[in-house]
Amino acid sequence: MNKKKLCAALVAMSFVVGTGMSMNVDAASRAEIAKISVKENGSNFQYWNKDSASFKALTSYVKDVTNKKSKNYIPEEDRIAVFDMDGTLLGERTPCYFEWMMYLERALNDPTYTPSKEDREYALVVKKAIENQSIPEDMEGKEAKSQASVFAGMTQEEYNAFVKKFMETPAEGLTNLKRGEEFYLPMAEVVSYLKENDFDIWIVSGSDRDAQRVLMDGVLPIKRDHFIGTDIMTIASGQGNTDGLEYVYDKDKDTLVRGQFVLKDVKMNKVSNIAREIGRQPVLAFGNSSGDASMFNYTISKNKYKALAFSLCCDDLEDDLGNIKKADKMKADCQKNGWIPVSMRDDWKTIYGYNVKVAK
């Protein structure tokens, strides 16, 4: 049908040689994804169509800005690359964001937990919106507050265990794939390639910061302090509603637990958090939605260095649960704003692996 079909067998044969992985009849495991390694010169990319405009733009850029003889050379300390997570590094349509589906599991299906009446009712509203594929604009903030509420009181260890357990559930709508394996293999290559070229990689996501850390742990080479995300308050277990200025942590009785919602890391909030937590303007940005527009524009405007923004377009209906209308809108936004579109259908040879398809 397209290049994916024609080259699938050859690429599968080179899978072991190029990445050090063993053949896998299902999706690539987390351990196998962690072994993806792209050379500094980019010669061994396995999952990109190398004649695509987006691939050429990325590799040409990296070669240019890492060349000390180039007028566009960027010192290592200023090679900041920021990545959205959901829909950019891993799937977000099975049938919705990882953490939203995990929130529904906690609020509606966890036999060990009884949510408040308000949280249960709102979880049902979110569930219906996902089923109808019609999420209203104000749901981002409201869902984040309810999500924080249903996980409030958990220790970090308890929360991490819940995330890990949910990672083992099937990625709905796709074959041979668990939620914890839902990484885009071409983007794992990009992260490896940039690391090899001494870029400082940051994740800037609307997802819960702690959930990001668990999802990425042992898969992508991201430093633990390089995750920016939606935040909740962390409090002492005996603190209750007492202000932190008035409470003293009890060394014998207290542990740290999750508290209530603080900030949703989307749209302009991403830029504010980048400025506060990184303190330097990125030179590369990767995202996939309008929630990344501010981050894109901040990266490429008034930058003392040559800078690019890449936006994924969800136009693959065979290997992923794409949305052509949304993809076409993003392509138009890219043309309008000077971002570089990445076609998940045309620019990539596979998304999750050659045996992962949309379930019939």
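**Exercise 1. Count the disulfides and account for the cysteines Cys313 and Cys314.**

Solution. The count comes to 0 disulfides, where a disulfide is a pair of cysteine sulfur atoms within 2.5 Å. The model is a predicted one, in which local features need pLDDT of at least 70, side-chain atom pairs count only at pLDDT 80 or more, and totals for chains, interfaces and linings use all residues. Residues are numbered from 1 along each chain as its sequence is written, and side-chain values use heavy atoms, with hydrogens and water left out.

Step 1. For Cys313, the closest cysteine sulfur belongs to Cys334 and lies 5.0 Å away, which is too far for a bond.
Step 2. For Cys314, the closest cysteine sulfur is that of Cys313, at 7.5 Å, again too far for a bond.
Step 3. Cys313 has 0% relative accessibility and therefore counts as buried (buried: under 20% relative accessible area; exposed: over 50%; partly exposed: in between; 1.4 Å probe, protein chains only). Cys314, at 6%, is buried as well.

**Exercise 2. Describe the aromatic pair Phe151 and Tyr159, and the charges placed over rings.**

Solution. Step 1. The count is 13 aromatic pairs; rings of Phe, Tyr and Trp (its six-membered ring) pair if their centres lie within 6.5 Å, and planes under 30 degrees apart count as stacked, over 60 as edge-to-face and the rest as tilted.
Step 2. The ring centres of Phe151 and Tyr159 are 5.3 Å apart and the planes stand at 90°, so this pair is edge-to-face. Both residues are buried.
Step 3. The charged end of Arg258 sits over the ring of Tyr159, 3.8 Å from its centre (the criterion: NZ of Lys or CZ of Arg within 6 Å of the ring centre and within 35 degrees of the ring normal). Arg106 is placed likewise over the ring of Tyr113, with its charged end 3.8 Å from the centre.
Step 4. One aromatic cluster is formed by Phe45, Trp48, Phe55, Tyr184, Tyr193, Trp348 and Tyr352.

**Exercise 3. Classify two helix packings.**

Solution. Helices (H or I, at least four residues) and strands (E, at least two) are DSSP runs, numbered from the N terminus. Axes are lines fitted to C-alpha atoms, for helices over the stretch in contact, and angles run from 0 to 180 degrees between N-to-C directions.

Step 1. Helix 3 (residues 53–65) packs on helix 8 (residues 185–196) at about 10°, with the axes 11 Å apart. Helix 3 is therefore roughly parallel to helix 8 (under 35 degrees is roughly parallel, over 145 roughly antiparallel, 65 to 115 roughly perpendicular and the rest oblique). Tyr193 of helix 8 is among the residues that make the contact, with contact meaning heavy atoms within 4.5 Å.
Step 2. Helix 4 (residues 98–109) and helix 7 (residues 156–167) have axes that come within 11 Å and cross at roughly 105°. Helix 4 is therefore roughly perpendicular to helix 7. Arg106 of helix 4 and Tyr159 of helix 7 are among the contact residues.

**Exercise 4. Find the unusual backbone values at Pro95, Lys267 and Lys302.**

Solution. Most residues other than glycine have a negative phi, and most peptide bonds are trans.

Step 1. The peptide bond from Thr94 to Pro95 is cis, with omega near -10°. Pro95 lies in the loop between strand 1 (80–83) and helix 4.
Step 2. Lys267 has a positive phi, near 55°. Its relative accessibility of 28% makes Lys267 partly exposed.
Step 3. Lys302 also has a positive phi, of about 55°. At 83% relative accessibility, Lys302 is exposed.
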